[in-house]
Amino acid sequence: MNTFFITTPIYYANGEPHLGHAYTTTVADVLARYHRLMGHDVLFLTGMDEHGQKVELAARERNTSPQDFVDQMALAFRALWERLGISHDDFIRTTEGRHQHVVTEALQRVYDAGEIYSSDYEGWYSVYEEQFFTEKDLVDGKDPIGGREVVQLSEKNYFFKMSAYQEWLIDHIVAHPEFIQPVTRRNEILGFLRQPLGDLCISRPKARVAWGIPLPFDQDYVTYVWFDALLNYVTAAGYLSNEKAYSRWWPASCHLIGKDILTTHCVYWPTMLKAMGLPLPETIMAHGYWLVDAEKMGKSRGNAVEPLDLVESHGVDAFRYYLVREMTVGQDSTFTVESFQARYNGELANDLGNLVNRSIVMAERYVGGRLPVVDPLHPDLDPLRLRAEETASTIAQALPAYDTVAIVEAILSLVREANRFIEAKEPWALAKDETRRSDLETVIYGLGETLRQLALWLAPIMPEKSHAIWNQIGCEGDVANARKDALVWGGLPGGQSVRKMDPLFPKVDLEESATEESTEQTEEQGMAEESTTISFDEFQKLDLRVAIVKTAEKVEGADRLLKLQIDLGSEERQLVAGVAQHYEAESLVGRRIVVVANLEPATIRGVESQGMLLAASADGQLGLLAPDSDLPAGARVS
Ligand code: ME8
């Protein structure tokens, strides 16, 4: 059986878990779950990095012992993983006996092999960074990283002969393009290795740092925290304790890390493994950083939303979805409430939620709540079947490339195909015509089978919601336990009853969701002359609606702008439109117009605009788009 061993960094126990930790662990979880779905044998490891001076100091500040402190922190991290539905197989802590044993043994072996030596070291030491700097490293007499105080220290220390492995490491990286990903990080490391590589100081005198694993060959010293921490990956695989497990799991398939810890993983770790005579992991995948836009999270207005708060307001699955949907693994992304809500309302509530809801309602209304037994290969179902097969093959390619965005898009394209299928087949019309009963049954079956496919593909990202879909179409068991075979088109037997449930993605109002000054929307926006082709999928993303103008007035200080209050059927909204030079405000009241209803809100000249009105223009003339019959406010334009 294929094995897949994926790890996250083990997180420092000196601070509370945050968005960055949640991201890495969620991505690893999603990958682990997809590999399980593919029938692979998975080991998913996360854990805590509990030694070192930072932890020692943090415990001291709280008047507690380091052990009590790390025990508390481990509970906090575990609680978050529980909340986020993380399905790790192992949670390692570097204070555990199994790990201390491996570190001690590994050090002794490398020492016995002559790869560790002692030497007097003199330099400038930063307590905060736990690092020595040379005179020429210093910036204005301070540490070059954080500009903090340094003290002159001279002490004996132990060094690992890392420099001896430089050429070998370069050769390995060059010969294995998959080893460091993405390629920008690989180039960064190759660039770093163009400079001579030094040896690695792997000890700290106990007099200075007591909280660590003692060196087996000198009890006055503890192990440098990185030499200790990196070894967690082999400890958990069973190195020196369980030969069978170790040979099954090591080398790891993937160390998923953030870009901040690239050098330790791509230089220290491989050279340590080489010195121990162990094979290297297949891939070190370094993702980018989440930036949190304080302005867009409402911090400047004093009503801040913390990213993790959205787990409570919108549910854990929406949060997981956003993380893997918004960030391309490898690049940086900005976390904003707006983009979170836009994805929630658009992709989850409108596209997916409505599809599920409509399908179940139609099954109840038109075929008595029981999914019909139909030949899954009926040609009427070809658009759905072919799209489902495309989704499967896209995901099969995206998974080894860590491309979570492509995975989500492949799933969304199936959602949209099914929504189009409903529009094209018009089941409501078929239901009125007794002679077309079997066509109707085929359509309802096709939708049921598509929901089954969607539940399977979404399960790794949204375990709870996909299970709810699974239940609604009357499937038994836990969707998370389904395996590859279940993905074959036509797995829905038919004959089972649907079970209608509450909406999957109910509307959520966060007070601060809408008003943002920083969105650069200009009066001209929407009047661009250039024409590029877009796919039908892209067009489908536009939510165009008929609206009725309730009030209209000029925006002060802006010649071209009108402020409109419009009725969208289910709600009222405010729009700002650049039409004041063509229309008197009053002349618009009561008129039907067409608006883009799912445009990100923007603030134009200090006035909030929740959407955009559509107008055509040529040679200085302008005309508003409108339906040619008295359609109700909110009618969809398609
Ligand atoms: O470095 N965006 O632990 P740590 C995305 N103990 N990910 C982020 C992030 C952000 N803004 N901030 C942090 C350590 N991360 C060591 C690791 S491994 C043998 C020892 C994530 O608690 C990202 O995965 O500082 C990063 O690599 C990790 O948290 C650092 O966690």
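How many helices and strands does the protein have? In this predicted model, the count comes to 20 helices and 25 strands. Measured out along its principal axes, the C-alpha trace spans about 90 × 65 × 45 Å. There are 638 residues in the protein, and 54% of them count as buried. The accessible surface adds up to about 28100 Å², with 48% of that belonging to carbon and sulfur atoms. As for charge, the protein carries 60 positive and 95 negative charges, and the mean positions of these two sets sit 3 Å apart.

Next comes the division into domains. Domain 1 is made of two stretches, 1–94 and 288–334, while domain 2 covers 336–487 and domain 3 covers 534–624. Taken over C-alpha atoms, the centres of domain 1 and domain 3 are 42 Å apart. Looking at contacts between residues at least 6 apart in sequence, 74% join residues at least 24 apart.

What about the inside? The largest nonpolar core holds 113 residues, and Tyr34, Phe319, Phe335, Leu352 and Ile461 are the ones that touch the most other members. Helix H13, running over residues 337–367, gives the most to this core, namely 13 residues. Domain 1 and domain 2 each supply at least three residues to this core. Ile461 makes a good example: setting aside neighbours within four places in sequence, its contacts are Val30, Tyr34, Arg320, Tyr321, Val324, Ile407, Val408 and Ile411. Apart from this core lies another one, of 62 residues, with Leu45, Ile189, Ala237 and Ala252 among them.

Conventions: Residues numbered from 1 in each chain as written. Predicted model: local features only at pLDDT ≥ 70, side-chain atom pairs only at ≥ 80, totals over all residues. Heavy atoms only, no water. Helix = DSSP H or I, 4+ residues; strand = E, 2+ residues; numbered from the N terminus. Buried < 20%, exposed > 50% of the residue type's maximum accessible area, 1.4 Å probe, protein only. Contact = heavy atoms within 4.5 Å. Areas by Shrake-Rupley, 256 points an atom, 1.4 Å probe, with all protein chains shown as cover. Lys, Arg positive; Asp, Glu negative; His and termini not counted. Charge placed at Lys NZ, Arg CZ, Asp CG, Glu CD. Domains from an automatic or database assignment. Core = buried A, V, L, I, M, F, W, Y, C linked by side-chain atoms within 4.5 Å.
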